[in-house]
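I set out to look up the fold, the charged pairs and a few single residues in this structure. My notes are kept in the order in which I made them.

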Amino acid sequence: MDRSLDVVTAVLTAVGGPPGTAAASVLYEFARRPEWQRRLADELGAVNPATFRTAPPSAAPVTHRFVKEVLHLWSPPLLLVRRSTVPFDLGKTRLAPGDRYLLSPHMMHRDGRVRNGPDLFDPDRILPGASHGPADRTCYVPFGWAPKKCVGANVAIVQLMALCHLLCTRYRLAVHRPDEATMALRFAPAPEKLRGRPALGNYMVRMVPP
């Protein structure tokens, strides 16, 4: 069985750090969701390249929502370490200045108390009136919390949208049994059993039957 896509995702997650794992997660969700492949292909195939380069989120809002939802489900890294600068009372636990504590964007995004349908893949959740949102902006933290939020957040979103553009306009992506692909949670989400072949050519996503 061809494992070239396995190799691509392994390299991304092993050496790319958070940007690489985010890109691998985009490949994972793109391969497993044919309805969103079609929506992205329709949008990106029709978008003006110059407009997309100038303002990707406004030029391709469906793709923008897709990327943001991938980061909602699979935000890297899973845990962040912070140090308390002031005394902080958490009820049963009290932090003194200098104490270290963990924050998890992954757990925040999966918390049903702050987000409806937290485990569902629904890029349309941020649209007005959506049944699974919109969530409070303070509860969407794939790039961490201020004041230490990643300064490259906007660049990262654009890069992931550019990856979607390549998948829809320049490459063919053939995936073997996409429903068998799984996501392992390590230092960051890491796709497993995502087997197939990316190749140059006109856009086509081909799901290879068993």
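The entries below run from the whole chain to helices, a hairpin, salt bridges and single residues.

**Entry 1. The whole chain**

I note at the outset that this is a predicted model. I counted the secondary structure and found 8 helices and 9 strands. I then looked up burial: of the 210 residues in the chain, 44% are buried. For the accessible surface I obtained about 11,400 Å², with 58% of that area belonging to carbon and sulfur atoms. I also asked how the contacts are spread along the sequence. Among contacts with a separation of 6 or more, 67% are between residues 24 or more positions apart.

**Entry 2. Helices H3 and H8**

I compared the span of H3 with its expected value. The end C-alpha atoms of H3 are 18 Å apart, and its 13 residues should span 18 Å at 1.5 Å a residue, so the two figures agree. The buried residues of H3 are Trp36, Gln37, Leu40, Ala41, Glu43 and Leu44.

I repeated the check on H8, which covers residues 153–169 and has 17 residues. From first C-alpha to last, H8 reaches 24 Å, close to the 24 Å expected. The buried residues that I listed in H8 include Ala153, Ala156, Ile157, Leu160, Met161, Leu163 and Cys164. His165, Leu167 and Cys168 are also buried in H8. As a reminder for reading both lists, I wrote down that residues three or four places apart point the same way, because an α-helix has 3.6 residues a turn.

**Entry 3. The E6–E7 hairpin**

I looked up how strand E6 (residues 182–185) is placed with respect to strand E7 (residues 189–192). The two pair in the antiparallel sense over 4 bridges. E6 and E7 form a hairpin, and 3 residues lie between them. Within this pairing I found Met183 opposite Pro191 of E7.

**Entry 4. Salt bridges**

How many salt bridges does the structure hold? I found 9.

I examined Arg39 and Asp124, whose side chains meet in a salt bridge at 3.1 Å, N to O. This pair links distant parts of the chain, the two residues being 85 residues apart. Arg39 lies in helix H3 (residues 34–46), whereas Asp124 is in the loop between helix H7 (105–109) and H8. With a relative accessible area of 32%, Arg39 is partly exposed.

I next looked at Arg110, which forms a salt bridge with Asp119; their closest N and O atoms are 2.9 Å apart. Arg110 is partly exposed, at a relative accessible area of 23%, while Asp119 is exposed, at 53%.

A further pair is Glu192 with Arg186, whose side chains meet in a salt bridge at 2.4 Å, N to O. Glu192 is partly exposed, at 28% relative accessibility. I also recorded a network in which salt bridges with shared partners join Glu29, Arg32 and Arg33.

**Entry 5. Glu29**

Having met Glu29 in that network, I looked up its surroundings. Glu29 is in helix H2 (residues 17–32). Is Glu29 buried or exposed? Its relative accessible area is 1%, and Glu29 therefore counts as buried. Leaving out residues up to four places away in sequence, Glu29 touches Phe66, Val70, Leu73, Trp74 and Phe121. I checked Phe121 in particular: its C-alpha is 8.9 Å from that of Glu29, with 92 residues of sequence separation.

**Entry 6. Ser75**

I turned to Ser75, in the loop between helix H6 (61–73) and E1. Ser75 is buried, at 0% relative accessibility. Not counting residues up to four places away in sequence, Ser75 touches Val70, Pro105, His106, His109, Pro142 and Pro189. I also took the C-alpha separation between Ser75 and Gly144, which is 9.4 Å for residues 69 apart along the chain.

**Entry 7. Arg82**

My last query concerned Arg82, in strand E1 (residues 80–83). Which side chain of opposite charge is nearest to Arg82? The residue is Asp99, at 15 Å; Arg82 is buried yet has no salt bridge. Apart from neighbours within four places in sequence, Arg82 is in contact with Asp99, Arg100, Tyr101, Leu103 and Lys148. Asp99 thus appears in the contact list of Arg82, although the side chain of Asp99 is 15 Å away.

Notes
Residues are numbered from 1 along each chain as its sequence is written. This is a predicted model: local features need pLDDT of at least 70, side-chain atom pairs count only at pLDDT 80 or more; totals for chains, interfaces and linings use all residues. Side-chain values use heavy atoms; hydrogens and water are left out. Buried means under 20% relative accessible area, exposed over 50%, partly exposed in between (1.4 Å probe, protein chains only). Lys and Arg count as positive and Asp and Glu as negative; His and the chain ends are not counted. A salt bridge is a side-chain nitrogen of Lys or Arg within 4 Å of a carboxyl oxygen of Asp or Glu. Contact means heavy atoms within 4.5 Å. The expected span of a helix is 1.5 Å times one less than its number of residues. Two strands pair if DSSP finds at least two bridges between them. Accessible areas come from the Shrake-Rupley method with a 1.4 Å probe; for residues, only the protein chains shown count as cover.
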